[in-house]
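Please open the model in your viewer and keep the selection panel at hand. The tour below moves from stop to stop, saying what to select and what is there.

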Amino acid sequence: MPISPELAASITASVAAGFDDQIAYTQQLIRTGGQRGEEHAVQALVYERFAAAGYNPTRLEMDPELLSTHEGAGRISAEHSKAPIVIGVHEPKAQTPHGKSLILNAHIDVVPTGPVDLWTRDPYSGDIEGDKLYGRGGADMRAGSAANLFALKALRRSGVQPGSKVILESVVEEESTGNGTLMTHLKGYRADAVIIPEPMDEKLVRANTGVLWFQVEVKGIPVHVRDMGTGTNAIDACWRVVGGLRELEKEWNEKKIGRLHFENENHPLNLNVAKINAGDWASSVPAWCRIDCRIAIFPGVSAKSAAAEIEAKVDEVARSDAFLSKNTPTVTWNGFFSEGYVLEPDSEAEKTLRWAHQQATGDELQSFTTAAYLDTRIHSLYDKVPALCYGPISSNIHGFDEWVSISSLQRITTAIALYVAEWCGVEAIES
């Protein structure tokens, strides 16, 4: 039975009352910055806020050895972040919980800014213009991180707190391996449901692809450019490998037929040749070329089998090429090694979110399929609990002038607060 209309109204008003402070905190998170491996300062800020709220935070360190034992772990490279995961826990007063337990997860890591001169403002400004809050990582997803904390604060201002355990998680490595949230799983943090407020335009993710990161390296034969015909250009040779990978991408996408949630997607699986490093002198035929790639896979396809297909395709290209057959390209797995998931419909967790969303927005909750990586896959695949990825309207994530809608963020925070009250139950706070 839903919470009383009076409590729902009080929680909604409480979110509004604390929203200026929430925006200020979100701006502080954005302005603290912190690229991959440099999240220590922003995690220290999160730790401080969790502690001030009484959630007895813990710093959980990355454990490469433990991660290596799990099939869903991303491959660890020299670039892997060593910043800690920050976890806060709310424990109810009652010996018997009033409802079900919940994880509120958010990633604190952000992607690079790209050329700063292509932004119209400082990427870490946290500027506000109209309904838009700007900044790298503001939408993806420091706004969601703040929303998790301030949803709980809103309950307190209404004189109640969750009647069951709530775990607050601030993780790193979501943008590159998923190992931050996987560490929380490996260390035993569990709940009956999970909410991750990624910027999803106020919709619920129904299905999500898996993702693989890998490098391909080709060695050429360097000569002076005047004798180009006697050498082998590693960049040209590497691009022949890319041609083979494009064939594989096409083959994989053709398998969307009959796949629920993906059949009507135009091109659900994308191969992205994201970085290229090669050569060392304009007048020398390049002796080496290394590309960094990302590709998606359908739910139900194992990362291991997809990786084997990629390696087989590279080998096939090499065997059919006069040069590459004698200079075999190498494939290195250096990040995501994750599988996709499908959120089964009509769970009690989803029904509760539908109610909370309708209360907060006045609209029915919609769901959709996304080809982006999401940490919800860890809870869905390995915890076997409903993992709800649902968050505010935004634009330009991973691009220039990233922004999140302020009004949407308030609605999402309200929905999360109402969800917590309904899912976890409430108990009075002792004065």
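Two strands count as paired here if DSSP finds at least two bridges between them. With that in mind, and remembering that the model you are looking at is predicted, begin by selecting Glu129 together with Lys132 of S5, since these two residues stand opposite each other.

**Stop 1: an open sheet**

Extend the selection to strand S4 (128-129) and strand S5 (residues 132-134), which run antiparallel and are joined by two bridges. They belong to an open sheet of four strands, in which the order is S4-S5-S18-S17 and the pairing is antiparallel. Strand S4 and strand S17 (394-395) stand at the edges, and because each has a single partner strand, one side of each is left without a neighbour in the sheet. While S5 is on screen, add Tyr134 and Arg121, and you will find Arg121 over the face of Tyr134, at 3.8 Å from the ring centre.

From S17, go on to His398, which is placed in the loop between S17 and strand S18 (403-405). His398 has a positive phi of about 65 degrees although it is not a glycine, and this residue is partly exposed, with a relative accessible area of 47%. Most residues other than glycine have a negative phi, and most peptide bonds are trans.

**Stop 2: the largest pocket**

Keep His398 selected and add Val111, Glu175, Trp213 and Phe336, for these five are the closest to the centre of the largest pocket among the 36 residues that line it. The volume of this pocket is about 1,100 Å³. Which elements give two or more residues to the lining of the largest pocket? Colour strand S10 (210-219), strand S11 (271-278), strand S12 (288-297), S13 and S15 to see them; the largest share, four residues, comes from S10. If you colour the lining by residue character instead, you should find 17 nonpolar, eight polar and eleven charged residues.

**Stop 3: aromatic rings**

Trp213 and Phe336 lead from the pocket to the next stop, as ring pairs link Trp213, Phe336 and Tyr373 into a cluster. A search of the whole structure finds seven aromatic pairs. One of them joins Phe336 and Tyr373 in a tilted arrangement, with 4.4 Å centre to centre and 35 degrees between the planes. Phe336 lies in strand S13 (residues 330-337), whereas Tyr373 lies in the loop between strand S15 (367-370) and helix H10 (376-383), so the pair ties together parts that are 37 residues apart in sequence. Are Phe336 and Tyr373 buried or exposed? Both of these residues are buried.

Now select Trp333 and Phe337. These two form another of the seven aromatic pairs, and here the arrangement is edge-to-face, with 5.8 Å centre to centre and 80 degrees between the planes. Trp333 and Phe337 are both buried. Add Arg75 to the selection, and you will see that Arg75 lies over the face of Phe337, at 3.7 Å from the ring centre.

**Stop 4: strand S9 and its partners**

Select strand S9 (residues 204-208), where five of the five residues are buried, so that the strand is largely enclosed by the rest of the structure. S9 runs parallel to S15, to which it is joined by four bridges, and it runs antiparallel to strand S14 (residues 341-342), to which it is joined by two. Ala207 is a useful residue to label, because it stands opposite Thr369 in S15 and also opposite Val342 in S14.Next, step back along the chain to Asp201, in the loop between strand S8 (194-196) and S9. Asp201 has a positive phi of about 55 degrees although it is not a glycine, and Asp201 is partly exposed, with a relative accessible area of 39%.

**Stop 5: two last selections**

Select Asp140 and Met141, and inspect the peptide bond from Asp140 to Met141, which is cis, with omega near -10 degrees. Met141 lies in helix H5 (residues 138-157).

Finish with Ser302, in the loop between S12 and helix H8 (303-319), which is partly exposed, with a relative accessible area of 26%. If you draw a C-alpha to C-alpha distance from Ser302 to Gly340, the two are 8.6 Å apart in space and 38 residues apart in sequence.

Methods: Residues are numbered from 1 along each chain as its sequence is written. This is a predicted model: local features need pLDDT of at least 70, side-chain atom pairs count only at pLDDT 80 or more; totals for chains, interfaces and linings use all residues. Side-chain values use heavy atoms; hydrogens and water are left out. Rings of Phe, Tyr and Trp (its six-membered ring) pair if their centres lie within 6.5 Å; planes under 30 degrees apart count as stacked, over 60 as edge-to-face and the rest as tilted. Buried means under 20% relative accessible area, exposed over 50%, partly exposed in between (1.4 Å probe, protein chains only). A charge sits over a ring if NZ of Lys or CZ of Arg is within 6 Å of the ring centre and within 35 degrees of the ring normal. On a 1 Å grid over the protein atoms alone, a cavity is a set of points where a 1.4 Å probe fits but cannot get out, and a pocket is an open set with protein on both sides within 12 Å along at least five of seven lines; lining residues have an atom within 4 Å of a point. Grid points are joined across faces, edges and corners, and a volume is the space filled by probe spheres set on the points. Ala, Val, Leu, Ile, Met, Phe, Trp, Tyr, Cys and Pro count as nonpolar, Asp, Glu, Lys and Arg as charged, and the others, Gly among them, as polar.
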